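Visitor: Hello! I am new to reading protein structures, and I would like a close look at one single part. Could you take me through it step by step?

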Amino acid sequence: VVLAAGHGTRMKSSQPKVLHRVPGGSMLNCVIRTAEALSPETLTVVVGHAADAVRAHLGADTTVQFALQQPQLGTAHALLQAAPLLAGRTGTLILLSGDVPLLTTATLKNLVSEHCGTQAAATVVTATVERPFGYGRIVRVDGELARIVEERDASPAERQIKEINSGIYAFDMAPLFDALSTIASQNAQGEYYLTDLIAIYRRRKLVLKTVLVDDPQEVRGVNSRTELAEVSRLVRQKKNEELMASGVTLVDPAAPYIDPDVEIGADTVIHPGVIIEGRTRIGAACEIHAHVTITNTEIGDNVTIKSFSLITDSRIDAGAQVGPFAHLRPETVVCEGAKIGNFVELKKTTLGPHSKANHLSYLGNATIGTKVNVGAGTITCNYDGEHKHETVIEDGAFIGSDSQLIAPVRVGKGAYVAAGSSITHDVPAGALGIARGRQSVVDGWVERKKQGSSNKATSSRKDAGKPAH
């Protein structure tokens with residue numbers, strides 16, 4: 001069960017707190033991915049504030065079921081809302097918070113192992129921190145977990161305790177929901193605290209255990225924009241350290257922003273200001289220059305991406321070059337050894353092996369063959385106002401500069417298109433297509449124009465002193 005019903009007022013946002021992004025996705029997505037690594041029988045998300053937005057955010061995940069907490073009356077009340085969905089279930093319930101995105105699968109597996117191995121009624125993940133302000137404190141008696149006290153309800157002595165509650169639990173299902181229904185709201189916030197369950201279990205002489213995490217940052221919650229930025233920095237730092245350990249060069253390890261699911265091969269060099277998102281895979285011995293953004297793209301070995309290029313949902317094969325200032329939109333394929341130059345935009349286009357479009361072109365809905373040269377300023381005019389149409393340029397064709405290919409149209413193998421042409425019909429293989437206005441030359445035109453301008457200026461000065469009619 002993942003708790004995701006809170007507002008997160010300190011975020012100062014119209015968006016639910018759990019939907020704010022860290023590298024790799026929303027905080028809630030990160031928590032759910034970690035939970036799914038355990039292969040649970042069910043996965044329930046408790047929603048409340050902006051419930052429809054949270055449901056829509058997870059709409060594609062058919063493994064998730066939702067419980068509604070309305071109004072939001074505390075963590076114990078939130079977990080109770082999942083009871084009808086879990087009726088008749090037995091075994092272990094893992095409770096997670098949707099705003100703790102750094103939690104690892106290893107910690108969850110350790111939690112399950114400890115909980116099941118000791119046959120505990122409840123097992124709590126804890127951490128020791130130097131500054132425990134804001135967290136519930138773990139109160140022990142003779143070394144054993146006795147209760148958890150919230151910050152607002154803690155005594156001065158209890159506030160000195162440095163072992164904190166992470167809000168992550170394992171529960172035996174058998175006694176859980178019956179005990180939850182006995183929790184009262186006699187506390188500073190008038191809410192039903194899940195932490196009160198620990199004292200109830202102790203009075204019932206049920207087994208209580210804890211699991212201490214080695215790195216307290218792993219159970220760090222996010223309640224503000226500042227904390228969101230700090231957690232995001234930790235995610236990026238961890239990823240960057242992993243990449244460098246695997247043989248990737250980061251020119252400035254603090255400068256690139258690389259998502260956790262990104263894969264990069266050895267001897268690839270990443271320059272400052274690079275953003276690599278989603279499930280991007282980059283091969284070996286590539287070079288990604290400064291201020292490039294790459295999202296959900298597959299890149300082969302020995303590829304060079306030059307500065308200020310934007311690449312989304314595309315594929316770039318081995319030995320290709322892209323940029324600077326190139327824009328590869330979704331469903332673009334740049335084949336082996338091909339070149340995309342400055343200020344070239346491709347959309348839903350395949351550029352064949354060793355073909356090139358080096359300058360100032362738009363190629364949309366096009367299939368371009370091997371060793372094609374696309375001249376500067378070329379446009380495939382693919383949209384007629386209602387439908388998109390295809391352009392096909394076959395192997396070895398040459399497209400002269402400042403040409404418009406009005407789709408649907410085909411340029412045959414080895415054909416030429418003359419510079420400045422607007423091609424509206426197919427050009428057969430080996431032919432020359434030319435479609436442009438006839439040039440005219442008017443001798444002496446410049447001198448006559450200058451003389452005419454001079455006469456007008458003289459006339460204007462003469463008229464300046466005359467009274468207006």
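Which helices and strands do the buried residues of H4 pack against?

Guide: Happy to help! Please keep in mind that this is a predicted model. The buried residues of H4 pack against one helix, H1 (27–36), and against strands S6 (92–97), S7 (122–128), S10 (163–172) and S11 (208–212).

Let us start with the helix itself. H4 runs over residues 105–118, which makes 14 residues. From its first C-alpha to its last it reaches 20 Å, close to the 20 Å expected at 1.5 Å a residue.

Now look for the residues that do the packing. Thr 107, Leu 108, Leu 111 and His 115 are the buried residues of H4. Because they cover an arc of only 100° around the axis, they lie on the same side of H4. Turn the helix around and you find the face directed away from that buried side, with the exposed residues Ala 106 and Gly 117. To sort residues in this way, buried is taken as under 20% relative accessible area and exposed as over 50%.

What comes after the helix? Gln 119 follows H4, and its phi is positive, near 55°.

It is also worth visiting one of the partners. H1 is mostly covered, with seven of its ten residues buried. Those buried residues are Met 27, Leu 28, Cys 30, Val 31, Ile 32, Thr 34 and Ala 35.

Strand S10, another of the elements that the buried residues of H4 pack against, leads us to a salt bridge in the chain. Arg 147 pairs with Glu 158, and their closest N and O atoms are 2.2 Å apart. Arg 147 belongs to strand S9 (residues 144–149), while Glu 158 sits in the loop between S9 and S10, so the pair links distant parts of the chain, eleven residues apart. Arg 147 counts as partly exposed because its relative accessibility is 34%, whereas Glu 158, at 12%, counts as buried.

Finally, step back to see the setting of H4. The protein chain has eight helices and 41 strands. Its radius of gyration is 33 Å, well over the 23 Å that the globule rule gives for 469 residues, so the chain is more spread out than a compact globule. Along its principal axes, the C-alpha trace spans about 105 × 70 × 45 Å. Of the 469 residues in the chain, 45% are buried.

Technical notes. Residues are numbered from 1 along each chain as its sequence is written. This is a predicted model: local features need pLDDT of at least 70, side-chain atom pairs count only at pLDDT 80 or more; totals for chains, interfaces and linings use all residues. Side-chain values use heavy atoms; hydrogens and water are left out. Helices (H or I, at least four residues) and strands (E, at least two) are DSSP runs, numbered from the N terminus. The expected span of a helix is 1.5 Å times one less than its number of residues. Buried means under 20% relative accessible area, exposed over 50%, partly exposed in between (1.4 Å probe, protein chains only). The arc is that of the directions from the helix axis to the C-beta atoms. Contact means heavy atoms within 4.5 Å. The radius of gyration is taken over C-alpha atoms; the globule rule is 2.2 Å times the number of residues to the power 0.38. A salt bridge is a side-chain nitrogen of Lys or Arg within 4 Å of a carboxyl oxygen of Asp or Glu.
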